[in-house]
Amino acid sequence: MSAQRPKGSFASTRRIASRRAATLFSLLEAAHSLNDRLKIGAAADFFDVQEFTALKCLRNYFHHQQELRHVVRLIPIGGYPITTDLMTLCLVPRDNVVAAIETTKRYQEETRQACQQMFHWYGPVVNINPALFNFVVAAYERLRNRGVPLAGEAVEDFEASYDHEEENNLPHFVDGKLATTAGSIDELLTEIVNATPSSRAAGDR
């Protein structure tokens, strides 16, 4: 089986399957910047959102280790025997996530717990896409509740999806767990990563 119904979100997350890896890092930087602006403009932040804590850890790591960005794989799952509630995998090598945690200077234990709980760990790789998606939902709800004005086509698309979920009693957040009929999901993801060219090999700069 392929994925269940795809969930909507802001454009950067929704289209992550079809964009280059640069989109991911743009999203991480945007989340970091948005948190700074929210503190100044609305006396709020995302530090109590575990997805943000986990993603901030990766953002800081890749911000200072840009030569390692090519290790991230964005993989549409349509052609694989995987069942989940998102259409794309965003896989980071386990060793890089561990290194990101270990190089976190402040609140390292809180960061470790957030990464363990919000990211999905499968053998040598970690799927961070559920955390990305759920952070966007949490950010939207916080901004809306704080009365921060939101505009643009991406926001309109998101709100239409969000309202559809409300009207049909569907969850806004995803579980993101992966299942397969092809044996071990850890082994399958390892095979997929090994068969997928890195962004560097594919010419993504």
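What follows is a chat about the helices, cores and cysteines of one predicted model.

Visitor: I'm new to this one, so how many helices and strands does the protein chain have?

Guide: This is a predicted model, and in it the protein chain has eight helices and six strands. Read along the sequence, these elements follow the pattern α-α-α-β-β-β-α-α-β-β-α-α-β-α.

Visitor: And what share of the residues counts as buried?

Guide: The protein chain has 205 residues, of which 46% count as buried. As for its contacts, among those with a separation of 6 or more, residues 24 or more positions apart account for 72%.

Visitor: Which residues touch the most other members in the largest nonpolar core?

Guide: Those are V72, F119 and I128, in a core that holds 38 residues. Helix 2 (21–42), helix 3 (50–64), strand 3 (88–93), helix 4 (94–102), helix 5 (108–118) and helix 6 each supply at least two residues of this core. In general terms, nonpolar side chains tend to be buried together in soluble globular proteins.

Visitor: What is I128 in contact with, leaving aside its neighbours within four places in sequence?

Guide: With those neighbours set aside, I128 is in contact with L24, L58, C90, V92 and F119. There is also a second, separate core of 13 residues, which includes I82, L89, Y122 and L178.

Visitor: Switching to helix packing: at what angle do the axes of helix 3 and helix 5 cross?

Guide: The axes of helix 3 and helix 5 cross at roughly 105° and come within 8 Å, and the two helices are therefore roughly perpendicular to each other.

Visitor: Which residues meet there?

Guide: From helix 3 there are Q50, E51, T53, A54 and C57, and they meet E110, T111, A114, C115, Q117 and M118 of helix 5. Sorted by class, this contact of helix 3 with helix 5 has five nonpolar, four polar and two charged residues.

Visitor: Let's stay with M118. Is M118 buried or exposed?

Guide: M118, which lies in helix 5, has a relative accessible area of 17% and is therefore buried, the cut-off for that being under 20%. Leaving aside its neighbours within four places in sequence, M118 is in contact with Q50, E51, A54 and A131. Although M118 and A54 are 64 residues apart in sequence, their C-alpha atoms are 7.0 Å apart in space.

Visitor: You mentioned C57 and C115, so how many disulfides are there?

Guide: The count comes to zero disulfides. C57 is in no disulfide, and the nearest cysteine sulfur, that of C115, is 4.2 Å away.

Visitor: Why is C115 not bonded to C57?

Guide: The closest cysteine sulfur to that of C115 is the one in C57, and at 4.2 Å it is too far for a bond, because a disulfide needs the two sulfur atoms within 2.5 Å. Both residues count as buried, with C57 at 5% relative accessibility and C115 at 0%.

Visitor: One last pair, then: how do helix 6 and helix 7 cross?

Guide: Helix 6 (residues 129–145) and helix 7 (residues 153–167) have axes that come within 12 Å and cross at roughly 95°, so helix 6 and helix 7 are roughly perpendicular to each other. On the helix 6 side the contact is made by V136, V137, Y140, E141 and R144, while helix 7 brings F158, E159 and Y162. The residues of this contact divide into five nonpolar, no polar and three charged.

Conventions. Residues numbered from 1 in each chain as written. Predicted model: local features only at pLDDT ≥ 70, side-chain atom pairs only at ≥ 80, totals over all residues. Heavy atoms only, no water. Axes fitted to C-alpha atoms, helices over the stretch in contact; angles between N-to-C directions. Helix = DSSP H or I, 4+ residues; strand = E, 2+ residues; numbered from the N terminus. Parallel < 35°, antiparallel > 145°, perpendicular 65-115°, else oblique. Contact = heavy atoms within 4.5 Å. Nonpolar A, V, L, I, M, F, W, Y, C, P; charged D, E, K, R; others polar. Buried < 20%, exposed > 50% of the residue type's maximum accessible area, 1.4 Å probe, protein only. Core = buried A, V, L, I, M, F, W, Y, C linked by side-chain atoms within 4.5 Å.
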